[in-house]
Amino acid sequence: MATLTGQTISSTYDGLLKTTDNDVLNADGKEITDGLGNGSGVSLDTNGNIVAQGTVKAIGGIRDTSNDLGTSGQVLSSTGTGTNWIDSTAPVDSVNGATGVVVLDSDDIAEGSTNEYLLADSVTYAKLANEFTASAGIGASDVDFSIAQVFTKTLTGTTAFTYSNAQVGMVKDLIINADGNSFTLPTGTKIIAGTPTTGINFIQVVVTATGEYWTSISQQQ
């Protein structure tokens, strides 16, 4: 390594570093050149900022805001006001605004309590929503398909039933104890078997299209 010991400025000037305008640094930053004016592509300012036009190679390591070098496998993350070395397995908060294709290895993704993914044969009865497992009483006359699988009601008078939140493919069961009263089913009902009675009726409804309900009615033998 060359030394400046015993050398004069005039004989070493071309190898010395200086600002591009030969003046002191300022807050705006200035490019550093050699004594002959050849640019380095690196700018410095009085705020401690370094701007490199090319690539940056760190041999000894990079310290974060807390002066940590991090450990093997960690990644350098922005905190908004500085940097921090974090584990590379830290969960991603969001990919909103990103473009392109995100490729994920399912074996490397931890299933959370809110964000879950399905594995083969992982859908059990316990994981089904209430609309597939619950039984609910019918209030006045409307049957809300989104709240239960089985609906029950004992009539106290003539009743005209209606359906709400009925989606194509839904299959619902109604147990209607007419208790001597008559009732009608909604417009769009297509009865394929049985007839309603003034006793206890088991009614199964399949929604085949919007406003179309294929229906079978049966009674206990």
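**Aromatic contacts, sheets and surface features of the predicted model**

Phe-145 is buried, since its relative accessible area is 0%, and the description that follows refers throughout to a predicted model. Phe-145 takes part in a contact with Tyr-163, in which the ring centres lie 5.0 Å apart and the planes stand at 45°, so that the pair is classed as tilted. Because Phe-145 is placed in the loop between β8 (142–144) and β9 (150–154) while Tyr-163 belongs to strand β11, this pair ties together parts that are 18 residues apart in sequence. Tyr-163 is likewise assigned to the buried class, with a relative accessible area of 11%, which falls under the 20% limit used for that class.

A second contact joins Phe-161 and Phe-183, whose ring centres are 5.9 Å apart and whose planes form an angle of 75°, so the arrangement is edge-to-face. The two residues come from distant parts of the chain, with Phe-161 in the loop between β10 (159–160) and β11 and Phe-183 in strand β13 (residues 183–184), at a separation of 22 residues. Phe-161 is buried at a relative accessible area of 3%, and Phe-183, at 9% relative accessibility, is counted as buried too. The number of aromatic pairs comes to four, and ring pairs connect Phe-145, Phe-151, Tyr-163 and Tyr-213 into a cluster.

Next to Phe-183 in the sequence, Ser-182 is located in the loop between β12 and β13. With a relative accessible area of 40%, Ser-182 is partly exposed. The C-alpha atom of Ser-182 is separated by 7.3 Å from that of Gly-157, although the two residues are 25 positions apart along the chain.

Turning to the strands, an open sheet is formed by six of them in the order β7-β9-β12-β15-β16-β14, with mixed pairing. The edges of this sheet are occupied by β7 (135–137) and β14 (189–193), each of which has a single partner strand, so that one side of each is left without a neighbour in the sheet. On average, and with direction ignored, neighbouring strands of the sheet are turned by 25° against each other. Within the sheet, strand β15 (residues 200–209) and strand β16 (residues 212–218) are paired in the antiparallel sense over seven bridges, and Val-205 has Thr-215 of β16 as its bridge partner.

Another open sheet is built from four strands in the order β1-β2-β3-β4, and its pairing is antiparallel. Here the edge positions are held by β1 (17–19) and β4 (50–52), and because each has a single partner strand, one side of each is left without a neighbour in the sheet. The neighbouring strands of this four-stranded sheet are turned by 35° against each other on average, direction again being ignored. Three bridges support the antiparallel pairing of strand β3 (residues 39–44) with β4, in which Leu-44 is found opposite Ile-50 of β4.

An antiparallel pairing is also present between strand β5 (residues 75–78) and strand β6 (residues 83–86), which are joined by four bridges. Val-75 stands opposite Ile-86 of β6. Four residues lie between the strands of this hairpin, in which Gly-80 adopts a positive phi near 100°.

Positive phi values also occur in residues other than glycine, including Asn-67, with phi near 70°, and Asn-165, with phi near 55°. Asn-67 is situated in the loop between β4 and β5, whereas Asn-165 lies in the loop between β11 (162–164) and β12 (171–177). At 41% relative accessibility, Asn-165 counts as partly exposed.

On the surface, a nonpolar patch is formed by Val-123, Tyr-125, Leu-128 and Phe-132, which together present about 420 Å² of accessible area. Phe-132, one of the members of the patch, is part of helix α2 (residues 130–133). Its relative accessibility of 44% places Phe-132 in the partly exposed class, in contrast to Phe-145, which is buried with a relative accessible area of 0%.

Conventions
Residues are numbered from 1 along each chain as its sequence is written. This is a predicted model: local features need pLDDT of at least 70, side-chain atom pairs count only at pLDDT 80 or more; totals for chains, interfaces and linings use all residues. Side-chain values use heavy atoms; hydrogens and water are left out. Two strands pair if DSSP finds at least two bridges between them. Axes are lines fitted to C-alpha atoms, for helices over the stretch in contact, and angles run from 0 to 180 degrees between N-to-C directions. Patches are made of residues with over 30% relative accessible area and no salt bridge: like charges are joined within 9 Å, nonpolar side chains (Val, Leu, Ile, Met, Phe, Trp, Tyr) within 5 Å. Accessible areas come from the Shrake-Rupley method with a 1.4 Å probe; for residues, only the protein chains shown count as cover. A salt bridge is a side-chain nitrogen of Lys or Arg within 4 Å of a carboxyl oxygen of Asp or Glu. Buried means under 20% relative accessible area, exposed over 50%, partly exposed in between (1.4 Å probe, protein chains only). Rings of Phe, Tyr and Trp (its six-membered ring) pair if their centres lie within 6.5 Å; planes under 30 degrees apart count as stacked, over 60 as edge-to-face and the rest as tilted.
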